[in-house]
Amino acid sequence: MADMMAGIDPPMPKGAQTIGRLLADLSARQCRFPLRGEGAATRFCAAEVEAEVWQPGRSGACYCGFHRAIVVGRGTESERAAPRVLERLG
């Protein structure tokens with residue numbers, strides 16, 4: 001992942017002096033994408049997540065637009081074909 005993002009700066013949350021915040025310092029609708037660190041020292045993006053996207057527990061729904069675009073892809077060929085297959089079976 002780090003190689004993929006090399007040279008790409010993540011968004012900075014408003015008022016931030018450093019990249020990322022600790023999980024305990026995040027408030028609702030702040031990006032939970034882990035940037036660096038391990039365990040309790042892990043720092044998360046903390047950029048604002050759009051209200052209409054924020055859905056904790058859903059894939060990519062706790063990430064800002066920048067990080068959501070990285071982790072939520074097109075899916076495999078089988079995943080993309082699933083709606084057509086289900087339509088034929090239904």
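## Starting at Arg 43

Let's start with a single residue. Arg 43 counts as partly exposed, because its relative accessibility is 23% and the buried class covers values under 20%. You'll find Arg 43 in strand 3. Try locating Asp 25 as well: Arg 43 and Asp 25 sit 18 residues apart in sequence, and their C-alpha atoms are 9.7 Å apart in space.

## How far to trust the picture

Keep in mind that this is a predicted model. The average pLDDT of the protein chain is 81, and 80% of the residues reach at least 70. Which element has the lowest mean pLDDT, and which the highest? Helix 1, residues 2–5, has the lowest at 49, while strand 3, the home of Arg 43, has the highest at 92.

## The overall layout

Now zoom out. The protein chain has three helices and three strands. Walking along from the N terminus, you meet them in the order α-β-β-β-α-α.

The protein chain has 90 residues, and 24% of them count as buried. About 6,400 Å² of the chain is exposed, with carbon and sulfur atoms supplying 54% of that area. As for contacts with a separation of 6 or more, 35% come from residues that are 24 or more positions apart.

## A little sheet

What order do the strands take in the sheet? The three of them make an open sheet in the order 1-3-2, with antiparallel pairing. Strand 1 (21–22) and strand 2 (34–36) are at the edges with a single partner strand each, so one side of each has no neighbour in the sheet. In general, strands of a sheet pair through backbone hydrogen bonds, either parallel or antiparallel.

Let's look at one of these pairings up close. Strand 2 and strand 3 (residues 43–44) run antiparallel and are joined by two bridges. If you pick out Pro 34, its bridge partner in strand 3 is Phe 44.

## One aromatic pair

Searching the whole structure turns up one aromatic pair. Its members are Phe 33 and Tyr 63, arranged edge-to-face: the centres are 5.4 Å apart, and the angle between the planes is 75°. That angle is why the pair is called edge-to-face, since the label applies to planes over 60 degrees apart.

Where do the two residues lie? Phe 33 is in the loop between strand 1 and strand 2, and Tyr 63 is in the loop between strand 3 and helix 2 (65–71), so the pair ties together parts that are 30 residues apart in sequence. Phe 33 is also buried, with a relative accessible area of 6%.

## Cysteines without disulfides

How many disulfides does the structure hold? The count is zero. Take Cys 45: its nearest cysteine sulfur belongs to Cys 31 and is 3.8 Å away, and Cys 45 is in no disulfide. A disulfide needs the two sulfur atoms to be within 2.5 Å, so a distance of 3.8 Å doesn't qualify.

Cys 64 tells a similar story. Cys 64 is in no disulfide either, and the nearest cysteine sulfur is again that of Cys 31, 3.8 Å away. Are these residues buried or exposed? Cys 45 counts as buried at 1% relative accessibility, and Cys 64 counts as buried at 3%.

## Two positive phi angles

Two residues in loops are worth a look for their backbone angles. Arg 29 isn't a glycine, yet it has a positive phi of about 60°. Arg 29 belongs to the loop between strand 1 and strand 2, the loop that also holds Phe 33. With 29% relative accessibility, Arg 29 counts as partly exposed.

Ala 46 isn't a glycine either, and its phi is positive at about 75°. You'll find Ala 46 in the loop between strand 3 and helix 2, where Tyr 63 lies too. Ala 46 is buried, with a relative accessible area of 2%, whereas Arg 29 is partly exposed.

Definitions and conventions. Residues numbered from 1 in each chain as written. Predicted model: local features only at pLDDT ≥ 70, side-chain atom pairs only at ≥ 80, totals over all residues. Heavy atoms only, no water. Pairing = 2+ DSSP bridges. Helix = DSSP H or I, 4+ residues; strand = E, 2+ residues; numbered from the N terminus. pLDDT = per-residue confidence, 0-100. Buried < 20%, exposed > 50% of the residue type's maximum accessible area, 1.4 Å probe, protein only. Contact = heavy atoms within 4.5 Å. Areas by Shrake-Rupley, 256 points an atom, 1.4 Å probe, with all protein chains shown as cover. Phe/Tyr/Trp six-rings, centres within 6.5 Å; stacked < 30°, edge-to-face > 60°.
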